[in-house]
Amino acid sequence: PSPGNYWWVPIAGPLLGAEFLKGNTVEPLVNCREIFPAMLAAIRAAKKSVTLESYIWASGQVSDQFCAALIERAQQGVKIHALVDGAGDLKLKLSDVNRMKDAGVEFVVYGREHWYDLKFNLNHRSHRKLLIVDGKVGFTGGVCIDDKWLGDGATPGFWRETQARITGPAVRQMQAVFAANLLQTTSRLLT
């Protein structure tokens with residue numbers, strides 16, 4: 001086979017655990033001016049479900065916006081599932097978590113409930129960043145819920161980032177990845 005021939009596609013999908021699917025749209029979003037407004041608009045438009053997984057979630061301006069959007073949707077009957085890494089939530093105030101839980105947001109910590117909980121595999125963590133709304137639109141990339149992502153990378157202390165907004169069959173795969181981590185954490189299947 002020539003290098004330009006994609007003979008490897010039907011082999012690579014099953015090996016990687018995710019088939020390559022046609023019919024997707026991918027819109028790149030760059031830095032906070034594009035990323036956070038798009039993600040928050042999708043959450044605010046949710047009719048049935050929001051699943052959100054973040055490696056880092058720190059209290060602050062960005063967190064306040066996400067908490068408010070998730071709480072508002074939960075109060076309107078939208079099923080909200082949030083999952084954060086057990087070491088990535090060190091700067092998330094318990095009061096923020098409790099506000100979300102009190103409003104009906106299922107908030108789960110992946111890997112360890114408290115930073116001081118010892119585990120056999122200390123590297124058992126989730127660095128994923130996923131947002132899936134109504135099973136129809138997904139976001140993934142490198143952005144976390146933290147004020148460090150409010151800049152454009154030109155200002156010291158702020159990160160530059162790219163996120164992708166995805167529609168199409170690949171969103172089901174993103175939802176399945178989230179569901180696997182939720183199952184591993186809670187022993188409960190997301191339906």
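Axes here are lines fitted to C-alpha atoms, for helices over the stretch in contact, and the angle between two axes is taken between N-to-C directions.

**Figure 1. Packing of α2 against α3 in the predicted model.** The axes of α2 and α3 cross at roughly 15° and come within 9 Å. Angles under 35 degrees count as roughly parallel, and α2 is therefore roughly parallel to α3. The crossing of these two helices is left-handed. On the α2 side the contact is made by Phe-36, Met-39, Leu-40, Ile-43 and Arg-44, which meet Val-62, Gln-65, Phe-66, Ala-69, Leu-70 and Arg-73 of α3. Sorted by class, the residues of this contact are eight nonpolar, one polar and two charged.

**Figure 2. Packing of α3 against α4.** Helix α3 spans residues 61-75 and helix α4 spans residues 94-102. Their axes lie 9 Å apart, at an angle of about 15°, so α3 and α4 are roughly parallel to each other. The crossing of α3 past α4 is left-handed. From α3, the residues Ser-63, Asp-64, Cys-67, Leu-70 and Ile-71 meet Asp-96, Arg-99 and Met-100 of α4. This contact comprises four nonpolar, one polar and three charged residues.

**Figure 3. Surroundings of Ile-71.** Ile-71 is a residue of helix α3. Its relative accessible area is 12%, so Ile-71 is buried. Setting aside residues up to four places away in sequence, Ile-71 touches Arg-99, Met-100, Ala-103 and Val-105. Of these partners, Ala-103 is 32 residues from Ile-71 along the chain, and the two C-alpha atoms are separated by 5.7 Å.

**Figure 4. The largest nonpolar core.** This core has 40 residues. Phe-36, Val-50, Trp-57, Phe-66, Leu-70 and Phe-107 have the most contacts inside the core. Two or more residues each come from α2 (31-44), β2 (49-54), α3, β3 (79-85), α4, β4 (106-110), β5 (130-133) and β6 (137-141). Helix α2 gives the most, with eight residues. In soluble globular proteins, nonpolar side chains tend to be buried together.

**Figure 5. Contacts of Val-50, and a second core.** Apart from neighbours within four places in sequence, Val-50 is in contact with Ile-43, Leu-70, Val-78, Lys-79, Ile-80, His-81, Leu-131, Ile-132 and Val-133. A second core, separate from the largest one, has 14 residues, among them Tyr-110, Ala-170, Met-174 and Phe-178.

**Figure 6. Positive phi at Asn-31 and Asp-134.** Most residues other than glycine have a negative phi. Asn-31, which is not a glycine, has a positive phi of about 60°. Asn-31 lies in helix α2 and is buried, with a relative accessible area of 13%. Asp-134 also has a positive phi, near 55°. The position of Asp-134 is in the loop between β5 and β6.

**Figure 7. The chain as context for the close-ups.** The chain has five helices and seven strands, following the pattern α-β-α-β-α-β-α-β-β-β-β-α along the sequence. Of its 191 residues, 45% are buried. Among contacts between residues at least 6 apart in sequence, 76% join residues at least 24 apart.

Definitions and conventions:
Residues are numbered from 1 along each chain as its sequence is written. This is a predicted model: local features need pLDDT of at least 70, side-chain atom pairs count only at pLDDT 80 or more; totals for chains, interfaces and linings use all residues. Side-chain values use heavy atoms; hydrogens and water are left out. Axes are lines fitted to C-alpha atoms, for helices over the stretch in contact, and angles run from 0 to 180 degrees between N-to-C directions. Helices (H or I, at least four residues) and strands (E, at least two) are DSSP runs, numbered from the N terminus. Angles under 35 degrees count as roughly parallel, over 145 as roughly antiparallel, 65 to 115 as roughly perpendicular and the rest as oblique. A crossing is left-handed if the near helix is turned anticlockwise from the far one by less than a right angle, and right-handed if clockwise. Contact means heavy atoms within 4.5 Å. Ala, Val, Leu, Ile, Met, Phe, Trp, Tyr, Cys and Pro count as nonpolar, Asp, Glu, Lys and Arg as charged, and the others, Gly among them, as polar. A nonpolar core is a set of buried Ala, Val, Leu, Ile, Met, Phe, Trp, Tyr and Cys residues joined through side-chain atoms within 4.5 Å. Buried means under 20% relative accessible area, exposed over 50%, partly exposed in between (1.4 Å probe, protein chains only).
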